[in-house]
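Work through the exercises below with the structure in view, and try each task before reading its solution.

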Amino acid sequence: IGLNYHAHAKETNSEVPANPMLFIKSSNSLHDPGKPIVLPRLSPQVDYEGELVIVMGKTASRVSEADALSYVAGYATGNDFPARDLQNGRGGQWMVGKAIDGFAPLGPYLVTAEQVDPDNLAIECRVNGETRQSSRTSDLIFGTRTMVSYISDYFTLKPGDVIYTGTPQGVIQGMPTAKRAWLKPGDKLACSLESLGELTFDLV
C-alpha cells in the first residue's frame, strides 16, 4: 500500500488518497532478515520504508471489514525499499522501483494476530544508529481491516500472502532536496515495530 500515513502524505506534499493505493512487489523481492541487501547498479536513489507487514492465514475473497482480521495469521516487521528514481521515472508506475531483488526484507518474527493490536503499534527505522522514522500505526490513513477487505474485493488473498501497509514520515524523499543523502553500501539499517521485533541488515 502506498501513501498510507497522514504525516507521510504531508511531508511529501501529497493529497490524502480516497482509496488505498495498491501496487505489486514480486516474490523475488522477499529477503531474509539479517542477510545483506545488494543495492542495484541502476539506481543511486535508494530509500528506506519501515513498515508493518500483514501475513495472511486463510484465503480471503470479498471479505467484510468486520471479518477481515479473522483471515490474518499474524504480523511482522518489514522494509519496503524503493529506488526513487526508478519508481518515479521508468514506465510511469511503481513496480520497477519497488520489486528489485531483495527489496522486501521482513522478520525476524511472525507474531500471531491475537497477540497485538496492529493499528496501535510504535514503528521506527534507524540508519547507522540515527532514528529517521518514529511514529505509530494509529497514523495509518487506512487501517488493517480496511486494507485486507479492500484488496480482497479485487484480488483473492491466499495463505502466506503478505501486505506491506505503508510507511510513516521520515523517508529521504520527504527531506529538502539539499539534505537528501540516499542509502549507500556500508549503511546499516534497523526497523522495529512494537511487539513484533527488530529487522536489521547491511547494504552492500
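**Exercise 1.** How many bridges join β2 to β8, and in which sense do these strands run?

Solution. Keep in mind throughout that this is a predicted model. Step one is to count the bridges between the two strands: β2 and β8 are joined by 3 bridges and run antiparallel. Step two is to find a facing pair, and here V53 stands opposite Y164 in β8. Step three is to look at the other partner of β2, strand β3 (residues 72-79), with which β2 pairs in the antiparallel sense over 7 bridges; within that pairing, G50 has N79 of β3 as its bridge partner.

**Exercise 2.** Decide whether strand β2 (residues 50-56) is enclosed or open, and explain the decision.

Solution. Begin with the two sides of the strand: G50, L52, I54 and M56 point one way, while E51, V53 and V55 point the other way, and all are buried. The cut-off needed here is that buried means under 20% relative accessible area. Because 7 of the 7 residues of β2 are buried, the strand is largely enclosed by the rest of the structure.

**Exercise 3.** Describe the largest pocket by its volume and its lining.

Solution. First take the volume, which is about 520 Å³. Next take the lining, which is formed by 20 residues, with F23, I24, K25, V162 and I163 lying nearest the centre of the pocket. Finally, ask which strand gives the most to this lining: strand β8 (residues 162-164) does, with 3 residues.

**Exercise 4.** L3 and N13 each have a positive phi without being a glycine; find where each lies, and decide whether each is buried or exposed.

Solution. Start with L3, whose phi is about 50 degrees and which is found in the segment before α1 (6-11). With a relative accessible area of 15%, L3 is buried. Turn then to N13, whose phi is about 55 degrees and which lies in the loop between α1 and β1 (30-31). N13 has a relative accessible area of 73% and is therefore exposed.

**Exercise 5.** Locate the cis peptide bond between G107 and P108, and state its omega.

Solution. The bond from G107 to P108 is cis, with omega near 5 degrees. To place it along the chain, note that P108 lies in the loop between β4 (104-105) and β5 (111-112).

Methods: Residues are numbered from 1 along each chain as its sequence is written. This is a predicted model: local features need pLDDT of at least 70, side-chain atom pairs count only at pLDDT 80 or more; totals for chains, interfaces and linings use all residues. Side-chain values use heavy atoms; hydrogens and water are left out. On a 1 Å grid over the protein atoms alone, a cavity is a set of points where a 1.4 Å probe fits but cannot get out, and a pocket is an open set with protein on both sides within 12 Å along at least five of seven lines; lining residues have an atom within 4 Å of a point. Grid points are joined across faces, edges and corners, and a volume is the space filled by probe spheres set on the points. Helices (H or I, at least four residues) and strands (E, at least two) are DSSP runs, numbered from the N terminus. Buried means under 20% relative accessible area, exposed over 50%, partly exposed in between (1.4 Å probe, protein chains only). Two strands pair if DSSP finds at least two bridges between them.
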